[in-house]
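Work through the exercises below with the sequence and the coordinates open. Each task is followed by a worked solution.

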Amino acid sequence: MSALANHAFVKMNGLGNEIVVVDFRGKAVAISAEEARAAAGPKGAPYDQLMALYAPRTPGTAAFVRIYNNDGSEAGACGNGMRCIASLIAQETGADKMRFETKAGLISCWKGADGRFTVDMGKPRFKWDEIPLAEEFRDTRVIELQIGPIDKPVLHSPSVVSMGNPHAIFWVDDVEAYDLARFGPLLENHPIFPERANITLAHIKTREHIIIRTWERGAGLTKACGSAACAAVVAAARYKRAERKVTVTLPGGDLQVEWRASDDHVLMTGPVEFESEGRFDPALFAAQGAAQ
């Protein structure tokens, strides 16, 4: 039987980034890609990311977290999802500060006086083989990549960075002027990205305000991608086109992002919202061929 069959879940969102949380801290079970896809289906609990909590592996952490995209693939980081689980753990324990372990490393979260949560996303990575890229670029502030006619490309010359997952940021004058649903999948799966990539259109409105839209690796168009917001701020600051503390406007709302100068860690602050609770119907996984 599927690990998710008849298992409780909590549906939340961070600026419209749809998050489902399942608690496996008392179980040693795994979620297959097929199960993750089935859970995201119309009769399940449609999500952008599923956050699975497991018993801590490292002392001082609240949980080990595995993050699944709605196509069944695993992600290394999800800033909006981390705020959601931080909110749940804060309600459960009364703690205002906590640490989690993910595939991308240890992540600290804390609750501010205004009730919003901040996630320490760690240090960005800039080396071509850490992002990773399929070929060497000494300077990843801009790489050679374009889509469309050679003499008149639609999108070109992105900045690339890893925030625990790979990001490509294309600088544009109007993030709404492009068919991201069309170009996103092509760029996500471009051969230059061996692990695929999150594709973001970014407009620098002022040095303290950036507007973005993101095609999220493994999830598609999303109202908010926290790691993409962080990647855009870092890339803009490396370009000397923005400050290190910026408001990022996404389709779902605003995030505050700071690339802290003292240690190069990226801090992301924003709201979370509870939507519903439920249990996964076992028949969902049997119908999808996900039952064991």
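**Exercise 1. Decide whether tyrosine 239 is buried, partly exposed or exposed, then place its ring partner.**

Keep in mind that this is a predicted model.

Step 1. Take the relative accessibility of tyrosine 239: 30%. Buried means under 20%, and exposed means over 50%. Tyrosine 239 therefore counts as partly exposed.

Step 2. Do the partner. Tryptophan 171 has a relative accessible area of 17%, so this residue is buried.

Step 3. Get the geometry. Tryptophan 171 and tyrosine 239 form an aromatic pair, with 6.0 Å from centre to centre and 65° between the planes. Plane angles over 60 degrees count as edge-to-face, and this pair is edge-to-face.

Step 4. Locate both ends. Tryptophan 171 is in strand β12 (residues 166-171), and tyrosine 239 is in the loop between α4 and β16 (245-250). They are 68 residues apart, and the pair links distant parts of the chain.

**Exercise 2. Find how many aromatic pairs the structure holds, and analyse the one formed by phenylalanine 126 and tryptophan 259.**

Step 1. Count the pairs: there are five.

Step 2. Describe the pair of phenylalanine 126 and tryptophan 259. The centres are 6.1 Å apart and the planes meet at 65°, an edge-to-face arrangement.

Step 3. Map the pair onto the chain. Phenylalanine 126 sits in the loop between β8 (117-120) and β9 (146-147). Tryptophan 259 belongs to strand β17 (residues 253-259). The two parts are 133 residues apart in sequence, so the pair ties them together.

Step 4. Check the accessibility of each ring residue. Phenylalanine 126 is partly exposed at 23% relative accessible area, whereas tryptophan 259 is buried at 7%.

Step 5. Look for charges over these rings. The charged end of arginine 238 sits over the ring of phenylalanine 126, 3.9 Å from its centre. Arginine 244 lies over the face of tryptophan 259, at 4.0 Å from the ring centre.

Step 6. Look for a cluster. Ring pairs link Phe9, Phe280 and Phe285.

**Exercise 3. Compare the span of helix α4 with the expected value, then state how enclosed the helix is.**

Step 1. Set the limits. Helix α4 covers residues 226-238, 13 residues in total.

Step 2. Take the span from first C-alpha to last: 19 Å. At 1.5 Å a residue, 18 Å is expected, and the span of α4 is close to that.

Step 3. Check burial. In α4, 13 of the 13 residues are buried, so the helix is largely enclosed by the rest of the structure.

Step 4. Look past the C-terminal end. Lysine 240 follows α4 and has a positive phi, near 65°.

**Exercise 4. Which residues line the largest cavity, and how do they divide by character?**

Step 1. Count cavities of 30 Å³ or more: there is one.

Step 2. Take its volume. The largest cavity holds about 40 Å³ of space.

Step 3. List the lining: Asn69, Ala75, Ala77, Asn165, Asn198, Glu216 and Arg217.

Step 4. Sort the lining. Two residues are nonpolar, three are polar and two are charged.

**Exercise 5. Inspect the backbone at asparagine 6, leucine 15 and proline 132.**

Step 1. Take asparagine 6. Its phi is positive, near 60°, and the residue is not glycine. Asparagine 6 is placed in the segment before β1 (8-14). Its relative accessibility is 45%, so it counts as partly exposed.

Step 2. Take leucine 15. Here phi is also positive, near 60°. Leucine 15 lies in the loop between β1 and β2 (17-24). At 10% relative accessibility, leucine 15 counts as buried.

Step 3. Take proline 132. Isoleucine 131 and proline 132 are joined by a cis peptide bond, with omega about -10°. Proline 132 lies in the loop between β8 and β9.

**Exercise 6. Set sequence separation beside spatial distance for two residue pairs.**

Step 1. Take isoleucine 147 of strand β9, buried at 13% relative accessible area. Isoleucine 147 and histidine 190 are 43 residues apart along the chain, with 10.0 Å between their C-alpha atoms.

Step 2. Take leucine 284 of helix α5 (residues 282-287), buried with a relative accessible area of 13%. Leucine 284 and cysteine 78 are 206 residues apart in sequence and 26 Å apart in space, C-alpha to C-alpha.

Note on methods
Residues numbered from 1 in each chain as written. Predicted model: local features only at pLDDT ≥ 70, side-chain atom pairs only at ≥ 80, totals over all residues. Heavy atoms only, no water. 1 Å grid on protein atoms, 1.4 Å probe; cavity = no way out; pocket = protein on both sides within 12 Å on 5 of 7 lines; lining within 4 Å. Points joined across faces, edges and corners; volume = space filled by probe spheres on them. Nonpolar A, V, L, I, M, F, W, Y, C, P; charged D, E, K, R; others polar. Helix = DSSP H or I, 4+ residues; strand = E, 2+ residues; numbered from the N terminus. Expected span 1.5 Å × (residues − 1). Buried < 20%, exposed > 50% of the residue type's maximum accessible area, 1.4 Å probe, protein only. Phe/Tyr/Trp six-rings, centres within 6.5 Å; stacked < 30°, edge-to-face > 60°. Lys NZ or Arg CZ within 6 Å of the ring centre and 35° of its normal.
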